[in-house]
Amino acid sequence: MKQALIVWGGWAGHEPEACAHIVADLLRPHGFDVRLEQGAEAFADPALASVDLIVPIITMARIEKAHAQNLAAAVQAGTGLGGFHGGMCDAFRESVEYRFVTGGQWVAHPGNIIDFRVNVARRDDPVMQGLEDFDYRSEQYYMHVDPSNEVLATTTFGGQHAPWIEGVVMPVVWKRKHGLGRVFYSALGHVAAEFEHATMRTILERGLLWAAR
């Protein structure tokens, strides 16, 4: 049986505990034994590299350098890493080790909760297969991203809230490799209710399965 570790915590506004249970319920039907842990100390586990998939849901938390290095080493050795929104790519702002693995860092969401369009960039990819462009209501994430990411979906910023970024095309969903490990990220999923959006849920479910060892 595959082993998945979901680590939740950090800023309560992202409803990390509720989201952790939703993600666990996504994974269990696919044969995962899922363990939920609270707090970044879970990344200190010396057996982390034996886990098949790690899902961080831990916005604006802090991580010890040694624990971030342990997590990075596990992914480099083949452990999958997958997640969404600030729970993964605004988890540990001060950790360059962590950001090198994830391939991106949130920096702004102009206008806060707004309506925007998500455009599928890779319809041939198994994660996006059969999906069309769709409308979404949430925080439209403006991110600093790694150019080595394989971008699967994008969004284009209007100028209503920050005129200087009008027309900027920003990755929303990507996958990448870090050593032997697969890394998946979706910027969608501000709170637990967003999992009711069928396309958002499908993208995350497929992405996590792709990332798992």
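Me: What does the accessible surface of the protein come to, and what share of it belongs to carbon and sulfur atoms?

Reply: This is a predicted model. Its accessible surface comes to about 9100 Å², and carbon and sulfur atoms account for 52% of that area.

Me: How many helices and strands are there?

Reply: The protein has five helices and 11 strands. Its radius of gyration is 16 Å, close to the 17 Å that the globule rule gives for 213 residues, so the protein is as compact as a globular protein of that length.

Me: And what does the C-alpha trace span along its principal axes?

Reply: The spans are about 50 × 35 × 30 Å.

Me: What percentage of the residues is buried?

Reply: Buried residues make up 54% of the 213 residues. As for contacts with a separation of 6 or more, 73% of them come from residues 24 or more positions apart.

Me: Let us turn to α1. How far does this helix reach?

Reply: Helix α1 covers residues 16–27, which is 12 residues, and it reaches 16 Å from its first C-alpha to its last. That is close to the 16 Å expected at 1.5 Å a residue.

Me: Which of its residues are buried, and what do they pack against?

Reply: The buried residues of α1 are Pro16, Cys19, Ala20, Ile22, Val23, Ala24, Leu26 and Leu27. They pack against four strands and a helix, namely β1 (2–10), β2 (32–38), β3 (53–59), β4 (80–84) and α5 (198–211).

Me: Why would positions three or four places apart in a helix point the same way?

Reply: An α-helix has 3.6 residues a turn, so residues with that spacing point the same way.

Me: What comes just before α1, at Glu15?

Reply: Glu15 sits in the loop between β1 and α1. Its phi is near 50°, a positive value in a residue other than glycine. Glu15 is partly exposed, with a relative accessible area of 34%.

Me: Where is Met60, and what is its phi?

Reply: Met60 is found in the loop between β3 and α2. Its phi is positive, at about 50°, although Met60 is not a glycine. Met60 counts as partly exposed because its relative accessibility is 40%, which falls between the 20% and 50% limits.

Me: New topic: Leu53. Is it buried or exposed?

Reply: Leu53, in strand β3, is buried, with a relative accessible area of 0%.

Me: What is it in contact with, neighbours within four places aside?

Reply: Leu53 is in contact with a set of residues including Gln3, Ala4, Leu5, Leu27, Phe32, Thr79 and Leu208. Leu27 is also one of the buried residues of α1.

Me: How far is Leu53 from Ile203?

Reply: The two are 150 residues apart in sequence and 16 Å apart in space, C-alpha to C-alpha.

Me: You mentioned Thr79. Where is it placed?

Reply: Thr79 is in the loop between α2 (65–76) and β4. This residue is buried, with a relative accessible area of 0%.

Me: What polar partners does its side chain have?

Reply: A polar atom of the Thr79 side chain lies 2.9 Å from the backbone oxygen of Val51. The Thr79 side chain also makes a polar contact with the side chain of Arg213 (2.9 Å). Beyond four places in sequence, Thr79 touches further residues, among them Leu48, Ile54, Ala74, Gly181 and Arg182.

Me: On to charges. How many salt bridges are there?

Reply: The count comes to 14. One of them joins Lys65 and Glu97, with the closest N and O atoms 2.2 Å apart. This pair links distant parts of the chain, with Lys65 in helix α2 and Glu97 in helix α4 (residues 96–102), 32 residues apart.

Me: What about Arg93 and Asp90?

Reply: They form a salt bridge, the closest N and O atoms being 2.7 Å apart. Arg93 is partly exposed at a relative accessible area of 42%, whereas Asp90 is buried at 3%.

Me: And which residue pairs with Asp125?

Reply: Asp125 forms a salt bridge with Lys175, the closest N and O atoms being 2.5 Å apart. Asp125 lies in the loop between β6 (113–120) and β7 (134–139) and Lys175 in strand β10 (residues 169–178), so the pair ties together parts that are 50 residues apart in sequence. Both residues are buried.

Me: Which residues do shared partners join into a network?

Reply: Arg35, Glu37 and Asp45 are joined into one network by salt bridges that share partners.

Terms used:
Residues are numbered from 1 along each chain as its sequence is written. This is a predicted model: local features need pLDDT of at least 70, side-chain atom pairs count only at pLDDT 80 or more; totals for chains, interfaces and linings use all residues. Side-chain values use heavy atoms; hydrogens and water are left out. Helices (H or I, at least four residues) and strands (E, at least two) are DSSP runs, numbered from the N terminus. The expected span of a helix is 1.5 Å times one less than its number of residues. Buried means under 20% relative accessible area, exposed over 50%, partly exposed in between (1.4 Å probe, protein chains only). Contact means heavy atoms within 4.5 Å. A polar contact is a pair of N or O atoms within 3.5 Å; within protein, one must be able to donate a hydrogen and the other to accept it, and residues adjacent in sequence count only if both atoms are side-chain atoms. The radius of gyration is taken over C-alpha atoms; the globule rule is 2.2 Å times the number of residues to the power 0.38. Accessible areas come from the Shrake-Rupley method with a 1.4 Å probe; for residues, only the protein chains shown count as cover. A salt bridge is a side-chain nitrogen of Lys or Arg within 4 Å of a carboxyl oxygen of Asp or Glu.
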